[in-house]
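Hi,

Here is the structure I said I would pass on. Have a look at it, and my notes on what turned up follow below.

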Amino acid sequence: MTIARLFIANRGEIAVRIVRTCRELGIESVVGVSTVDRDSLAAELADRAVVLGPAHASESYLRVDTNVAAALGTGCDAIHPGYGFLAESPALASAATAAGLRFVGPPAQVIATAGDKLKARALAQDAGLPVVPGREIVTLAQAEAFAGEHGYPVLLKAAAGGGGRGIKLAGDLEQLRLGHALARAEAGAAFGDERLYIERLIATARHIEVQIAADDHGAVIEFGERDCSTQRRYQKLVEEAPAPALAPGLRTELLAAGVTFARAIGYRNLGTVEFVVDVAAGSFHFLECNCRIQVEHPVTEAVYGLDLVALQLAIADGEPLAFAQADVAAHGHALECRLVAEDPARDFAPSPGRVTRFAAPTLPGLRVDTHCRDGTLIPPFYDSLMAKLIAHAPDRDGALATMGQALALLEVEGVATNRELLARIIAHPRFVAGDVSTTWLAEALR
Amino acid sequence: MALSDEDVREILRIIDSSQLEELTIETPAFLLHVIKGATTSSPGGAPLEALPAPTPTPPPVAGTLEIVAPMLGTFYRTESPSHPPFVDVGDDVLSDTVVCLIEVMKLMNHIQAGVAGTIVEVLAQSGELVEFGQPLFRVAPDGA
């Protein structure tokens, strides 16, 4: 390893997670913090913390120039962006590289292509991957023709837009007429571009993603899949590996598709290829490619016995992958629960504040990734993730039992959390049966 | 036959002035392999300079104010190495007096005092990284 000092351009549990691997590898770590994170656990554990700017992320964690200047000014030779913030910013990747730093992630060009949903989709299609049926349209007649071909329900959105805003769902022709008129007017007003994108909605879908790793020498391997179907408002709450009740043939196809996409886009480093799996039809479609370490990476680490951050650093260092596909195998089952500071009594509104007490139990097969301890401040400026509980056991029932125990024994005071919800999810007969789709939780909560 | 240090330097000079990109000389006594323009790296990378420690926060001094860094970057007391410092101890400053530069990725930011008074202490080292909010100068404000 030639990386001797790593700059961590992130905060919270992932910054702590990265520092831990640095310590194991004998790499020095410097974490960039905002003024409110000066006393954070990551700042304490790292060899050095530097204050990037004020609390608002736009003036600290999201500033490319400041992060690169901080990395250079502290003599770092590489920069790890974590997830969120600048993790998928082609600007950071290119600025870091231009400044002579190793960027722990794919090249800027790959990030840019993967971040452009239409380009990524076209690339997947060219590589022979199934994509969710969809195309650009303008007129109502075109929308009707699409629905006639692929059936209802369909989603309509501005082709120029992004971020899930203004998406119209149409379950029949009447809704399509209404939705089309609205979407077209909104697209014109918001983007000066009336082009719409129409897409078939896959109603009972599971969200399954493939963990891939690619080195600078042309090797690409996968580390299995993760099922992230348990979501609320597109926020993942519980993830697991391997995906339960997935037909072996379908799993093999999914994993191969993940590798195919990684090769097609010229992927480097650690990445995730996401798919929607149509349970009823037994088919799957490419969704997107995430150019970062995922929040839920520990479930993969648990079943493969790997340190994925160490793998990221080795790849960024130019090392070839130390194993071939045939050398890697999953063992047992792992579940992850995301503990967030959200108040169930106020429709899961963020509940920032001071954590007066935080104590996670020590159980065999339980790992807790957190930045919380007694007295930790959950600032209102960032995401509400407090801790990830990861349970690993020889089988899924064992992992569920460990997780149930962990959630029951966890002590959190001072801020409202979703702990009860997590406990109810993992005890729910549908979840226990491995029979959930991305809409299940919202329906079950109603 | 062995090569002296001077012999090696002479060979390097010859190669430098030649069109050769790479040269290998092998005799029973030695092997010399030279690549032009390549940088050698020792295993484990270049020796690491000690991680600069954060500047300790100076205790407040009664009757004085601090000018703090409004951004993270490299602190410079002069416009360029040949220029005198923008300000020094004993200098009077106005609110809009430029007291230093902070460089962020080649962009030079002129930092103003933000307070009128007399510089009584310089708290940061020129050429070093300063963090957001780090005290740079101590000022005895006018009328204090």
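In chain B, strand S4 (residues 73–76) and strand S6 (residues 98–104) pair in the antiparallel sense, with 3 bridges between them. If you want a spot to find that pairing by eye, go to B:Thr74, which has B:Glu103 of S6(B) opposite. Before I go further, please keep in mind that this is a predicted model.

That pair belongs to an open sheet of 4 strands in chain B, ordered S7-S6-S4-S9 and paired antiparallel. At its edges are strand S7 (107–112) and strand S9 (129–130), and each has a single partner strand, so one side of each has no neighbour in the sheet.

Two of those chain B strands turn up again when you look at chain A. Helix H3 (residues 64–73) of chain A is mostly covered, with 7 of its 10 residues buried. The buried ones are A:Val64, A:Thr66, A:Asn67, A:Val68, A:Ala69, A:Ala70 and A:Ala71. What do they pack against? Within chain A, the partners are S1, strand S3 (48–53), strand S4 (78–80) and H4, and from chain B there are S6 and S9. After H3(A) comes A:Gly75, with a positive phi near 70 degrees.

S1 of chain A deserves a look of its own. Strand S1 (residues 5–8) is covered on both faces: A:Arg5 and A:Phe7 are buried on one side, A:Leu6 and A:Ile8 on the other. S1(A) runs parallel to strand S2 (residues 28–34) of chain A, and 4 bridges join them. Within that pairing, A:Leu6 sits opposite A:Ser29 of S2(A).

H4 of chain A, another of the partners of H3(A), also meets H5. How do the two helices run relative to each other? The axes of H4 (residues 90–98) and H5 (residues 108–115) of chain A come within 8 Å and cross at roughly 175 degrees. Anything over 145 degrees counts as roughly antiparallel, and H4(A) and H5(A) are therefore roughly antiparallel to each other. On the H4(A) side the contact is made by A:Pro90, A:Ala93 and A:Ser94, and on the H5(A) side by A:Ala108, A:Ile111 and A:Ala112. Sorted by type, the contact residues are 5 nonpolar and 1 polar, with no charged ones.

H5 is also one of the elements that helix H9 of chain A packs against. H9 (residues 248–265) has 18 residues and reaches 26 Å from its first C-alpha to its last, close to the 26 Å expected. Its buried residues are A:Leu250, A:Leu254, A:Leu255, A:Ala257, A:Gly258, A:Val259, A:Phe261, A:Ala262 and A:Ile265. Besides H5, they pack against helix H6 (117–126), strand S10 (205–214), strand S11 (220–232), strand S13 (269–278) and strand S14 (283–290) of chain A. Just after H9(A), A:Gly266 has a positive phi of about 70 degrees.

Chain A has an open sheet of 4 strands as well, in the order S6-S9-S7-S8, with antiparallel pairing. Strand S6 (134–137) and strand S8 (168–170) are the edge strands, each pairing on one side only. From one strand to the next, the twist averages 25 degrees. S8(A) pairs with strand S7 (residues 154–158) of chain A over 3 bridges, in the antiparallel sense, and A:Leu156 stands opposite A:Lys168 there.

Further along chain A, is strand S22 (residues 385–393) mostly buried or exposed? Of its 9 residues, 8 are buried, so S22(A) is largely enclosed by the rest of the structure. Strand S15 (residues 333–340) of chain A pairs with S22(A) in the antiparallel sense over 8 bridges, and A:Glu336 stands opposite A:Ile390. S20(A) also runs antiparallel to S22(A), joined by 5 bridges. There, A:Leu366 has A:Ala391 as its bridge partner.

One last residue from that area is A:Pro364, in the loop between strand S19 (357–359) and strand S20 (366–370) of chain A. A:Pro364 is exposed, with a relative accessible area of 74%. Its C-alpha is 8.7 Å from that of A:Ala393, although the two are 29 residues apart along the chain.

Cheers

Note on methods:
Residues are numbered from 1 along each chain as its sequence is written. Chains are lettered from A and ligands numbered from 1 in the order in which they are written. This is a predicted model: local features need pLDDT of at least 70, side-chain atom pairs count only at pLDDT 80 or more; totals for chains, interfaces and linings use all residues. Side-chain values use heavy atoms; hydrogens and water are left out. Axes are lines fitted to C-alpha atoms, for helices over the stretch in contact, and angles run from 0 to 180 degrees between N-to-C directions. Angles under 35 degrees count as roughly parallel, over 145 as roughly antiparallel, 65 to 115 as roughly perpendicular and the rest as oblique. Contact means heavy atoms within 4.5 Å. Ala, Val, Leu, Ile, Met, Phe, Trp, Tyr, Cys and Pro count as nonpolar, Asp, Glu, Lys and Arg as charged, and the others, Gly among them, as polar. Two strands pair if DSSP finds at least two bridges between them. The expected span of a helix is 1.5 Å times one less than its number of residues. Buried means under 20% relative accessible area, exposed over 50%, partly exposed in between (1.4 Å probe, protein chains only).
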